[in-house]
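Here is a short briefing to keep beside the viewer while you look around. Take a moment with the fold before reading on.

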Amino acid sequence: MKLIEILEALDAKLLSGEGQLDKEFLTGGASDLMSDILAGVAEDSVFLTGLNTIQAIRTAVVSGVGAIVFVRNKIPPQDLIEMAEEENIPLLSSPYSMFVSCGRLHGKGLTGLDGTR
């Protein structure tokens, strides 16, 4: 699933990563606990969270997450958007809850971090 398809499925705003709309994702994970993402195999996955702090960006960098979706219309401060741009991590903001966002992506074929559907 390409980043542009994730953007459309979630009616999301693109906060950073304009040049990466063709980036492909096969798996996704969702949590507000960064330890859950660090414990999973998150390399090149899309990461959904309601936590719009520096911990989300740093967790993505450490775990190799390919993109972050902030749910419930969360938008991080500008300095975090700039940090994500420096780290080459696309950021999206979706109006949907985490539950609905996950359901929409699952319905489009995205699997969980362990590859299960």
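The notes below cover the sheet, the helices on it, the largest pocket and one alanine.

Please keep in mind that this is a predicted model. Its sheet is open and built from 6 strands, with mixed pairing. The largest pocket holds about 150 Å³ of space, and strand 2, helix 5 and strand 6 each give at least two residues to its lining.

**The sheet**

- Reading across the sheet, the strands come in the order 1-5-4-3-2-6.
- Strand 1 (13-16) and strand 6 (111-112) are the edge strands, each pairing on one side only.
- Strand 2 (residues 27-30) runs parallel to strand 3 (residues 46-49), and 3 bridges link the two.
- Within that pairing, G28 has V46 of strand 3 as its bridge partner, while G29 stands opposite F47 of strand 3.
- Strand 2 also pairs in parallel with strand 6, through 2 bridges; here T27 has T111 as its bridge partner.

**Helices on the sheet**

- Helix 4 (residues 78-86) packs on the sheet, where it touches strand 1 and strand 5 (91-93).
- The direction of helix 4 makes an angle of about 75 degrees with that of strand 1.
- Helix 5 (residues 98-107) lies across strand 2 and strand 3, and runs at about 155 degrees to strand 3.

**The largest pocket**

- Which residues line the largest pocket? They are G28, G29, A30, L48, C102, L105, H106, L110, T111, G112, T116 and R117.
- By type, the lining divides into 5 nonpolar, 6 polar and 1 charged residues.
- Some lining residues have already appeared above: G28, the bridge partner of V46, is among those that line the pocket, and so is T111, the bridge partner of T27.

**A closer look at A42**

- A42 sits in the loop between helix 2 (34-39) and strand 3.
- Is A42 buried or exposed? A42 counts as buried because its relative accessibility is 2%, and the cut-off for buried is under 20%.
- Leaving out residues up to four places away in sequence, A42 touches I37, S63, G64, V65 and L113.
- A42 and M1 are 41 residues apart along the chain, and their C-alpha atoms are separated by 15 Å.

Methods. Residues are numbered from 1 along each chain as its sequence is written. This is a predicted model: local features need pLDDT of at least 70, side-chain atom pairs count only at pLDDT 80 or more; totals for chains, interfaces and linings use all residues. Side-chain values use heavy atoms; hydrogens and water are left out. Two strands pair if DSSP finds at least two bridges between them. Helices (H or I, at least four residues) and strands (E, at least two) are DSSP runs, numbered from the N terminus. Contact means heavy atoms within 4.5 Å. Axes are lines fitted to C-alpha atoms, for helices over the stretch in contact, and angles run from 0 to 180 degrees between N-to-C directions. On a 1 Å grid over the protein atoms alone, a cavity is a set of points where a 1.4 Å probe fits but cannot get out, and a pocket is an open set with protein on both sides within 12 Å along at least five of seven lines; lining residues have an atom within 4 Å of a point. Grid points are joined across faces, edges and corners, and a volume is the space filled by probe spheres set on the points. Ala, Val, Leu, Ile, Met, Phe, Trp, Tyr, Cys and Pro count as nonpolar, Asp, Glu, Lys and Arg as charged, and the others, Gly among them, as polar. Buried means under 20% relative accessible area, exposed over 50%, partly exposed in between (1.4 Å probe, protein chains only).
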